[in-house]
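Me: I'm new to reading protein structures. Could we go through this one together, a step at a time?

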Amino acid sequence: MKLSRRDMFKIGGLAAVTAAGLAIPLGNTVSGATASLLPAGKMPKPFQTTFSRLEVLPPVKTEVDEMGPVAYYDITAKTGAVGIVPGMMTPVLGYDGLVPAKRIDVEQGTRIVMTMRNKLPQSHPTFGTPMPISTHLHGSASLPQYDGYASDVTTPGQKKYYQYPNFQPARTLWYHDHGVHYTAQNAYSGLASQYHLHDARERALLPQGEFDVAITLSDMMFAANGSQLYDDRAHSGLWGDVVLVNGRPWPVMKVKKRIYRFRFLNASLSRSYRPVTSPAAPMYMVGTDGGLAPKSQNISQWRHGSAERYEILIDFSKFKTGQRIELQNLSNPNNRDFDNTNKIMAFDVVDDAFDRNDPTALVVPGALDSSNDVMALTETSGLKVRNIRVQRNDTTNEWNLNGETWHDVVDSGFTKVLANPNLGDTEVWEIENKSGGWFHPVHIHLIDFKILSRNGKPPFAWELGPKDVVYVGEGEKVRLLMKFGPHRGKYMVHCHNLPHEDHDMMHQFSVGLNNGEVDVNDPIYADPASDDTDG
Ligand code: C2O
Ligand code: CU
């Protein structure tokens, strides 16, 4: 067998795990029974827990000012503990100490001002990593100084005010930590939750309330004492053996005989999923990262990388009372699969009453949104085309974009950019992954984009909506179309496999900034964190 440097690197990682007492076979998708080091009988098992919904965080205050309605939130990042492993407590980090953290719901046109307080210890209670944080509202066109720029940190004892405009079309967003070099540890330990932006169109077309269900997927591995195990295999990724849905291992949800809307968010650090129902239930993609798709798409499975959001309607109306439908995971190449990572959750059909006059109960809408700005863009000749290669430097073991890393951005005094479009420019970005050994979910801040093609073919049915993360699979070249605005300033672009992002596959682009011009929305200096004396 001839081994490339990358193979050597992978096997090096394997040897480390094998030394810990686990036998793992080699293969394209490297797999084993478990990764956790829990004592026999303690490992959580599928379908033993009840599904739990993300609770909604109420604002501390709402008012109407000269610019319109505004809601105030006050959140404290602090340590907590949760019971995931039966009979054991797992130390975590949480917004308000909770895992899963509460979700935020807001109507289009209501601005949000969020105070984020860092009351974390100086170092991570389990991993010992430093605890400066930065909070990113993923999916929002926020000003640069409120966008969770990785190096715009709030250190323990500080607070920062964030402003979110909420003028965009309805969508599923999420807020999560983005602290430079330790985003992976922080998000893995719990600093992440959903944020739902509603508008009239989505309210009229899609299931609401009880039937509008947030599903945050993550995966975890555990040490013998029930604390989290963190092994990113020399920054290649972390693949846990316990799949969590809203913080619970492989839960079971009771469903009525109607259509549900599920907002799937993959908050796993590295794992990608390929969800499928068994027995097969009718499924329709109705929304992507940036909100409603132009029309619904009938799908039987979908590929779901980290940070992508897919809104999926599942129709349970034809099933019998007592029937169980499993949501399984067919996985994708270059994940690490374990005994039960082929399962996600289960639905048990019940005969409970529901309002049959609800127009969303039994009918899947066809046309959804024909006026979305991004989806209406078309490629014309003469557009600027940028080529971005996602790759790994086998000498430094660091990931990069076109050979450059966040270290290079920092070393340049935050002046180095990957692209510098003008305000209002439309561009094509071609993102290419020449490797067969890795996949990269690439996220571009600020804008939504339309996927034009993948390896010259049309995008997958589930990708036919506005996106802000694109799965760049093995040997794939993806072409994206986007228009830059509405803000000027510097924004990040990075891989959302968080160990890749932290080491150091992150760069930035600037919108509408001229050379030498003072940036009034400088992401670090325009509105920095301050000492938290009132909290
Ligand atoms: Cu979800 Cu730059 O992040
Ligand atoms: Cu990556």
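Me: In what order do the four strands of the open sheet lie?
Reply: Happy to help, and keep in mind that this is a predicted model. The sheet is open and its strands pair in an antiparallel way. From one strand to the next, the twist averages 20°. Reading across the four strands, the order is E28-E26-E30-E31.

Me: Which strands stand at the edges of that sheet?
Reply: Look for strands that have a single partner strand, so that one side is left without a neighbour in the sheet. That description fits strand E28 (469–472) and strand E31 (506–511).

Me: Now zoom in on E31: which residue there is the bridge partner of Tyr 491?
Reply: Strand E30 covers residues 489–495 and runs antiparallel to E31, with six bridges joining the two. Within E31, the partner of Tyr 491 is Phe 509.

Me: Which residues coordinate the copper ion (ligand 2)?
Reply: The donor residues follow the spacing H-x54-C-x4-H in sequence, so the pair of histidines ties together strand E26 (residues 440–444) and helix H5 (residues 498–502), parts that are 60 residues apart in sequence. The donor atoms sit at 2.0 to 2.1 Å and belong to His 440 (ND1), Cys 495 (SG) and His 500 (ND1).

Me: Is Arg 386 buried or exposed?
Reply: Arg 386 is found in strand E23 (residues 384–393). Beyond its neighbours within four places in sequence, its contacts include Leu 418, Pro 421 and Trp 429. Buried means under 20% relative accessible area. At 14% relative accessibility, Arg 386 therefore counts as buried.

Methods:
Residues are numbered from 1 along each chain as its sequence is written. Chains are lettered from A and ligands numbered from 1 in the order in which they are written. This is a predicted model: local features need pLDDT of at least 70, side-chain atom pairs count only at pLDDT 80 or more; totals for chains, interfaces and linings use all residues. Side-chain values use heavy atoms; hydrogens and water are left out. Donors are N, O and S atoms within 2.8 Å of the metal (3.2 Å for Na, K and Ca); water is not among the atoms, so sites may look incomplete. Two strands pair if DSSP finds at least two bridges between them. Axes are lines fitted to C-alpha atoms, for helices over the stretch in contact, and angles run from 0 to 180 degrees between N-to-C directions. Buried means under 20% relative accessible area, exposed over 50%, partly exposed in between (1.4 Å probe, protein chains only). Contact means heavy atoms within 4.5 Å.
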